[in-house]
Amino acid sequence: MPVESGLGSPAAILQPIRPDDSRFSSCGTLLLPQDDPSPFGPQDAKLHFDADGHPRFYLMRLRRRPPVLAAMTSHQRVSQCLGSADAQVWWLAVAPPGPPRPDGSIASDQVLLVKLLPGEGVKLHPGTWHAGPFLNTASALFFNLELRTTNEDDHNCRSVDQPRPLALI
């Protein structure tokens with residue numbers, strides 16, 4: 001259903017997909033629980049950290065934000081990993097790695113809204129455009145693996161060509 005985007009033209013509400021949808025594979029990898037001990041295998045995240053980067057693993061607190069996609073961020077130097085520490089449902093908007101459009105924006109028709117269930121996490125490929133996590137609760141905790149300096153020197157933010165409301169269902 002189209003809604004007014006605030007830019008004079010209607011924007012379609014972005015509906016969620018599950019991370020096992022083949023369209024998500026260009027953006028990242030679904031991480032699922034494994035029994036311990038389990039050997040490393042194809043079910044594991046293939047991590048990337050720039051040679052001069054130092055990993056940072058922390059518990060990130062987020063507050064609910066309006067379910068509207070207006071901008072996205074990418075990290076070129078790391079394969080960021082996220083998972084709910086509260087075992088809650090959450091959503092992440094993603095678009096495949098690549099340069100922005102000539103006007104510097106991200107094409108909204110390339111964006112996917114991914115719904116993650118309790119016990120699921122994601123590994124984003126380096127350069128994947130992303131926004132969120134989005135929540136239905138007032139706040140939530142997330143495990144976050146990135147580089148120590150990701151928020152200082154690898155936080156590339158761009159507007160989306162047309163803001164999109166998100167269906168957090």
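Strand S11 gives four residues to the lining of the largest pocket, the largest share of that lining. In this predicted model, the pocket has a volume of about 250 Å³. Its lining comprises 18 residues, of which His75, Gln80, His130, Gly132 and His155 are the closest to the pocket centre. Two or more lining residues are given by each of S5, strand S6 (68-74), strand S11 (129-134) and S12.

Strand S11 is itself largely enclosed by the rest of the structure, because six of its six residues are buried. Strand S11 pairs with S8 in the antiparallel sense, and four bridges connect the two. Within this pairing, Ala131 of S11 is the bridge partner of Ala93.

A second set of pairings forms an open sheet of five strands, arranged in the order S4-S10-S7-S12-S5 with antiparallel pairing. The edges of the sheet are strand S4 (28-31) and S5, each of which pairs on one side only. On average, and with direction ignored, neighbouring strands of this sheet are turned by 20 degrees against each other. Within the order given above, strand S7 (residues 81-84) and strand S10 (residues 121-124) run antiparallel and are joined by three bridges. Cys81 has Lys123 as its bridge partner in S10.

Lys123, which lies in strand S10, has a relative accessible area of 5%. This residue is therefore classed as buried, the cut-off being under 20%. Lys123 is also placed 5.8 Å from Gln80, C-alpha to C-alpha, although the two residues are 43 residues apart in sequence. Gln80 is one of the residues closest to the centre of the largest pocket.

Aromatic contacts were examined next. The structure holds two aromatic pairs. In one of them, the ring centres of Phe57 and Phe143 are 5.8 Å apart and the ring planes lie at 5 degrees, so the pair is stacked; planes under 30 degrees apart meet that criterion. The pair links distant parts of the chain, 86 residues apart, since Phe57 belongs to strand S5 (residues 55-63) and Phe143 to strand S12 (residues 139-147). The accessibility of the two partners is as follows. Phe57 has a relative accessible area of 58% and is thus exposed, whereas Phe143, at 38% relative accessibility, counts as partly exposed.

The other pair, formed by Trp90 and Phe142, is edge-to-face, with 5.1 Å from centre to centre and 75 degrees between the planes. Trp90 lies in strand S8 (residues 90-95) and Phe142 in strand S12, so this contact ties together parts of the chain that are 52 residues apart in sequence. Trp90 and Phe142 are both buried. Strand S12 accordingly contributes a residue to the stacked pair, through Phe143, and another to the edge-to-face pair, through Phe142.

Arginine side chains are also placed over aromatic rings. Arg56 lies over the face of Tyr58, at 3.6 Å from the ring centre. Arg65 lies over the face of Phe134, in this case at 5.7 Å from the ring centre.

Taken together, these elements recur across the contacts described. Strand S12 takes part in the five-stranded open sheet and is among the elements that give two or more residues to the pocket lining. Strand S5 is an edge strand of the sheet and is likewise listed among those lining elements. Strand S8, which holds Trp90, is paired with S11, the element with the largest share of the pocket lining.

Methods: Residues are numbered from 1 along each chain as its sequence is written. This is a predicted model: local features need pLDDT of at least 70, side-chain atom pairs count only at pLDDT 80 or more; totals for chains, interfaces and linings use all residues. Side-chain values use heavy atoms; hydrogens and water are left out. Rings of Phe, Tyr and Trp (its six-membered ring) pair if their centres lie within 6.5 Å; planes under 30 degrees apart count as stacked, over 60 as edge-to-face and the rest as tilted. Buried means under 20% relative accessible area, exposed over 50%, partly exposed in between (1.4 Å probe, protein chains only). A charge sits over a ring if NZ of Lys or CZ of Arg is within 6 Å of the ring centre and within 35 degrees of the ring normal. Two strands pair if DSSP finds at least two bridges between them. Axes are lines fitted to C-alpha atoms, for helices over the stretch in contact, and angles run from 0 to 180 degrees between N-to-C directions. On a 1 Å grid over the protein atoms alone, a cavity is a set of points where a 1.4 Å probe fits but cannot get out, and a pocket is an open set with protein on both sides within 12 Å along at least five of seven lines; lining residues have an atom within 4 Å of a point. Grid points are joined across faces, edges and corners, and a volume is the space filled by probe spheres set on the points.
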